[in-house]
Amino acid sequence: MASDLWIERITLNNFRNYQAATLETGPEPVVLVGENGSGKTNLLEAVSLLAPGQGMRRAAFADLARAGSDGCWAVSARAHTPLGTVDIGTGIVRPPGGRERSGRQVRIDGDNKGGSGVLADYVELVWVTPAMDGLFTGAAGDRRRFFDRLVLCFDPTYRTRIGHFERAMQSRNRLLVDGVGDRTQLDGLEMIMAETGVAIAAARVEVCNALAGVIAARHARDENGPFPWSELSLSGALETDITSAPAADIEDRYARTLRFMRDRDAAAGRSLEGPHRTDLVVGHGPKGLPAKLCSTGEQKALLLGLILAHAELLTERQGGRAPLMLLDEVTAHFDELRRTALFQEILHLGAQAWMTGTDAFGFQALKGDANAFVVADGRIAATNL
């Protein structure tokens, strides 16, 4: 099954370790092989910037420029999207006679856009990186950001609501820390936090429930599949309340909580209650254990199972259109059985998955079904599996 969303060509200029490089491919999965440090992950990061946000590494845009360059960089791509074939360009540019801009610029078919948010209309992305290997044992904030990216795929306005909540919360925190007791200002900011916070919680609960349904269906199809089924829940007061009370009541209750917590929040220097404190709780279904207590290999398999369930849900909701998948060093902890199962799922979804590895051996099961390239010192060349 061919993907309806895929990158035909991508060009990098002064990006990370690439002075100038172009890769052309088809809708099939893309395999990038090469030594560590050759630029494979940098290429995946460039693809991730075709979607809204900071990319899969969350790097400062100024840090993406090649060392020794003038500080500007560009990524451009020809993408086949739900809205047709488009040319997407993004980067940091220097206006004539001026300094480079700190925020990245975005163009669609040559037209300047106001920000990266417009990219949500064209490209949907999911990714897995080695940095996520500690997702289940690390900080709650990492799991929350991970889950929020999953939610964003279903609701392009979700990022806007989070932005409104965070700006109101930061303004409230400043007033409290500075001892500004303007009740009218605080009431207004807390109402914004309540309205947007409950909307954020409701969106999270909806996606969590939908994912749980897909995970259950996957388990029913294959009870002993190579990617164990997971148990998902959200640990947060608003997310818990969403299931038992109308949104308006929860907003009023949260606004009252914020008023009651003013002195405590002022002493702490931050807001102690709200959706910014929510945690994603994941369990290993077959073993009945929290994911954080599982082995590294089991955690990797759980994470991949969750990502595959999310991609399946996206594909269903988009009428059979699979998202782009960026899987960096994804086979590192997997044996041949799990590698083959992963590739079969990708092919079944019809996704253009971009995958990296240090050699071609781990991708032999994709021979004839993927386009392969060797990456070395910022150069890209076609190869065979």
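Here are four short exercises on this structure, each with a worked solution.

This is a predicted model, so local features need pLDDT of at least 70 and side-chain atom pairs count only at pLDDT 80 or more, while totals for chains, interfaces and linings use all residues. Residues are numbered from 1 along each chain as its sequence is written, and side-chain values use heavy atoms, with hydrogens and water left out.

**Exercise 1. Find out what lines the largest pocket.**

Step 1: Start with the idea. Rolling a probe the size of a water molecule over the atoms shows where empty space is left. A pocket here is an open set of points on a 1 Å grid over the protein atoms alone, where a 1.4 Å probe fits, with protein on both sides within 12 Å along at least five of seven lines; lining residues have an atom within 4 Å of a point.

Step 2: Get the volume, the space filled by probe spheres set on the points. For the largest pocket that is about 1000 Å³.

Step 3: Look at the lining. There are 42 lining residues, and Arg145, Asp148, Arg149, Leu152 and Arg159 are the closest to the centre.

Step 4: Name the elements, which are DSSP runs numbered from the N terminus (helices: H or I, at least four residues; strands: E, at least two). Strand E8 (125-128), helix H2 (140-152), helix H3 (158-177) and helix H4 (183-221) each give two or more residues. H2 has the largest share, eight residues.

Step 5: Sort by class. Ala, Val, Leu, Ile, Met, Phe, Trp, Tyr, Cys and Pro count as nonpolar, Asp, Glu, Lys and Arg as charged, and the others, Gly among them, as polar. You get 23 nonpolar, seven polar and twelve charged residues.

**Exercise 2. Work out how H2 and H3 meet.**

Step 1: Fit the axes, lines through C-alpha atoms over the stretch in contact, with angles from 0 to 180 degrees between N-to-C directions. The axes of H2 and H3 come within 9 Å and cross at roughly 135°.

Step 2: Put a word to the angle. Under 35 degrees is roughly parallel, over 145 roughly antiparallel, 65 to 115 roughly perpendicular, and the rest oblique. So H2 is oblique to H3.

Step 3: Pick out the contact (heavy atoms within 4.5 Å). H2 brings Asp148, Val151 and Leu152, and H3 brings Tyr158, Arg159 and Ile162. By class, that's four nonpolar, no polar and two charged residues.

**Exercise 3. Check two aspartates with positive phi.**

Step 1: Know the background. Most residues other than glycine have a negative phi.

Step 2: Read the angles. Asp109 has a positive phi near 50°, and Asp377 has a positive one of about 50°.

Step 3: Place them. Asp109 sits in the loop between strand E6 (105-108) and strand E7 (111-113). Asp377 is in the loop between strand E14 (371-376) and strand E15 (379-383).

Step 4: Buried or exposed? Buried means under 20% relative accessible area, exposed over 50%, partly exposed in between (1.4 Å probe, protein chains only). At 45%, Asp109 is partly exposed, whereas Asp377, at 59%, counts as exposed.

**Exercise 4. Describe the surroundings of Asp265.**

Step 1: Find Asp265 in helix H7 (residues 262-268). With 2% relative accessibility, Asp265 counts as buried.

Step 2: List the contacts, skipping neighbours within four places in sequence: Arg172, Leu176, Arg270, Ser271 and Leu272.

Step 3: Take one pair. Asp265 and Arg172 are 93 residues apart in sequence and 9.6 Å apart in space, C-alpha to C-alpha.
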